[in-house]
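This report turns to the empty space enclosed by the protein and then to the surroundings of the ligand.

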Amino acid sequence: MNSFTAPQYAQDGQGIPAGPCTMVIFGAAGDLAKRMLIPAIYNLARSKLLPDQFAVVGVSFEPYSSEEFRQRATENMHQFSAGSVNQDSWAWLVNRMYYVSGDFRDAGLYAKLEAALEQVQKDAGTEGNCLFYLAVSPEFFPLVIQHLGAVGLAREDAHTWKRVVIEKPFGHDLASAIALNHSVGEVLKETQTYRMDHYLGKETVQNLLAFRFANGIFEPVWNRRYVDHVQVTVAEELGVELRGGYYETAGALRDMVPNHIFQLITLTAMEPPISFEAQAVHDEQIKVLRAIQAFSPERVLDHAVRGQYGEGLIGNKHVAAYRAEPHVAPDSQTPTYVAMALQIDSWRWAGVPFYLRTGKRMARRVTQVVIRFRRPPLVLFRKTSVDTVTPNELVINIQPDEGISLNFEAKVPGPVVRLGAVNMDFQYSDYFGTTPSTGYETLIYDCMMGDPTLFQRADMVEAGWSVVQPVLDVWKALPPRDFPNYTAGSWGPLQADELLRRDGREWRDPTRGAPHHVPGASSAAPTSTH
Ligand code: BG6
């Protein structure tokens with residue numbers, strides 16, 4: 001079963017319920033479980049996508065009883081759920097929740113878990129199928145998996161499956177990702193391993209595939225002959241909040257690029273897969289990563305920019321500099337911003353730069369992929385007042401205003417030949433409405449259904465790290481001297497503008513929206529610049 005080939009699920013949200021299973025959440029008392037996982041499981045329950053033979057077993061250090069766990073889950077659900085909580089659906093779910101407390105390092109915990117699972121499986125009829133979700137700090141990934149292996153909880157047989165979801169970050173660099181893959185592989189088969197990247201749970205990210213390959217008109221121009229360059233922007237208004245401890249060891253490059261941004265880039269750049277089967281999609285994604293031109297140390301200096309935010313204004317609110325955030329060193333050299341120019345050396349893309357940028361505390365929260373097409377020849381307009389035309393742009397808004405817009409030139413009415421840039425604008429919400437979703441629903445459901453398409457394969461993770469490793473190395477060897485180098489509430493450091501300017505290009509202003517769409521009214525006035 002596959003999200004793209006399950007029409008009932010994809011189109012009307014009804015779908016077939018997953019088969020019997022127990023979901024075990026390691027880190028059940030943590031933030032991810034509270035804010036995302038339990039609400040996502042609840043949304044699946046409400047959509048009737050969970051089987052009757054279903055149970056959740058929370059595992060954490062906190063010494064709760066199952067009853068206390070249920071109570072806390074109920075309180076959290078009311079606090080974090082996006083919409084109102086349907087009492088019947090919640091009662092259905094909460095009565096299937098159990099809790100086991102202990103230290104992840106203690107072998108005794110796993111023996112306790114094994115006994116609890118036996119009982120739950122008997123009571124709930126989950127038939128021995130288990131989804132283990134590691135919502136824990138990354139140092140526990142190999143440890144928990146080794147322990148699960150040691151007590152035999154990860155062993156599959158002809159009738160039961162055991163799958164493990166591993167949260168991000170998968171490794172800290174290339175060497176640690178390889179080591180983690182190795183250690184995971186000692187216990188789990190690749191088919192049991194689900195490496196999470198929550199960007200793949202976003203409908204608009206999945207739509208990149210549908211948009212490209214379900215429409216005949218884009219694919220013929222989706223290449224170096226017609227595309228001038230591609231821009232990917234993942235900008236956040238938030239700073240590091242209370243995650244300074246983690247972020248100090250990660251920084252913007254590790255945190256966002258080899259995972260989330262490379263998902264956006266591979267889905268934008270890949271060749272059509274021969275099916276939506278996981279292997280076919282992953283095979284094409286990895287070709288893109290492997291075709292990215294390697295960064296030599298010189299290239300890092302020229303084609304990669306790092307930044308860190310100083311204090312500033314977001315909207316009207318004054319916000320502190322990164323170095324003044326909790327758990328951050330006062331002389332921290334951790335980048336909170338990165339911009340890079342990538343070259344994908346394939347027949348489709350050679351010579352077309354892919355510019356990416358991501359940062360915290362930027363002017364606006366926006367995730368966007370921009371395909372900028374080549375400028376047409378101007379010979380026709382030689383004897384008119386038009387001396388340049390705005391190249392066409394296709395803007396794919398991943399969040400927060402999910403949609404797609406195509407920008408093109410139109411003649412401004414009147415006796416003189418003048419052109420204006422206009423937009424065709426599609427907003428998801430106009431057509432499909434909005435349903436409360438955490439973005440984890442599809443991923444959890446797919447894992448229960450045994451569909452790894454929206455998860456990362458071992459070689460993809462390593463290929464992603466291989467691209468950024470030279471940048472990490474050079475940046476480590478040459479600490480930045482100018483941090484903080486951008487103001488909170490801006491679009492990042494000036495060097496990032498320079499990165500494009502020297503190629504004769506500039507970043508698209510992500511706040512530049514489509515002309516306001518008034519349903520039923522004639523098109524909004526074009527903005528004539530010529
Ligand atoms: C996480 C990063 O993986 O993604 C965070 O660790 C970042 O630093 C987050 O804020 C962004 O996700 P989203 O869904 O808000 O774009």
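Helices (H or I, at least four residues) and strands (E, at least two) are DSSP runs, numbered from the N terminus. The model is predicted, with local features needing pLDDT of at least 70 and side-chain atom pairs counting only at pLDDT 80 or more, while totals for chains, interfaces and linings use all residues. Residues are numbered from 1 along each chain as its sequence is written, and side-chain values use heavy atoms, leaving out hydrogens and water.

A cavity is a set of points, on a 1 Å grid over the protein atoms alone, where a 1.4 Å probe fits but cannot get out, and its lining residues have an atom within 4 Å of a point; points are joined across faces, edges and corners, and a volume is the space filled by probe spheres set on them. The search of the whole structure finds 4 cavities of 30 Å³ or more, and the largest has a volume of about 130 Å³. Its lining comprises 13 residues, of which Phe170, Asn259, Gln456, Val461 and Trp465 are the closest to the centre. Both α9 (244–269) and α14 (458–477) supply at least two residues of this lining.

Around the ligand, where a residue counts if one of its heavy atoms lies within 4 Å, the shell includes Lys168, Glu236, Arg243 and His260. The helix α9 gives the most to this shell, with 3 residues. Three polar contacts (pairs of N or O atoms within 3.5 Å) with ligand oxygen atoms are tabulated below.

| Side chain | Distance to a ligand oxygen atom |
|---|---|
| His198 | 2.8 Å |
| Tyr199 | 2.5 Å |
| Asp255 | 2.5 Å |

The protein covers 81% of the 400 Å² of accessible area (Shrake-Rupley method, 1.4 Å probe) that the ligand has on its own.

Notes:
On a 1 Å grid over the protein atoms alone, a cavity is a set of points where a 1.4 Å probe fits but cannot get out, and a pocket is an open set with protein on both sides within 12 Å along at least five of seven lines; lining residues have an atom within 4 Å of a point. A polar contact is a pair of N or O atoms within 3.5 Å; within protein, one must be able to donate a hydrogen and the other to accept it, and residues adjacent in sequence count only if both atoms are side-chain atoms.
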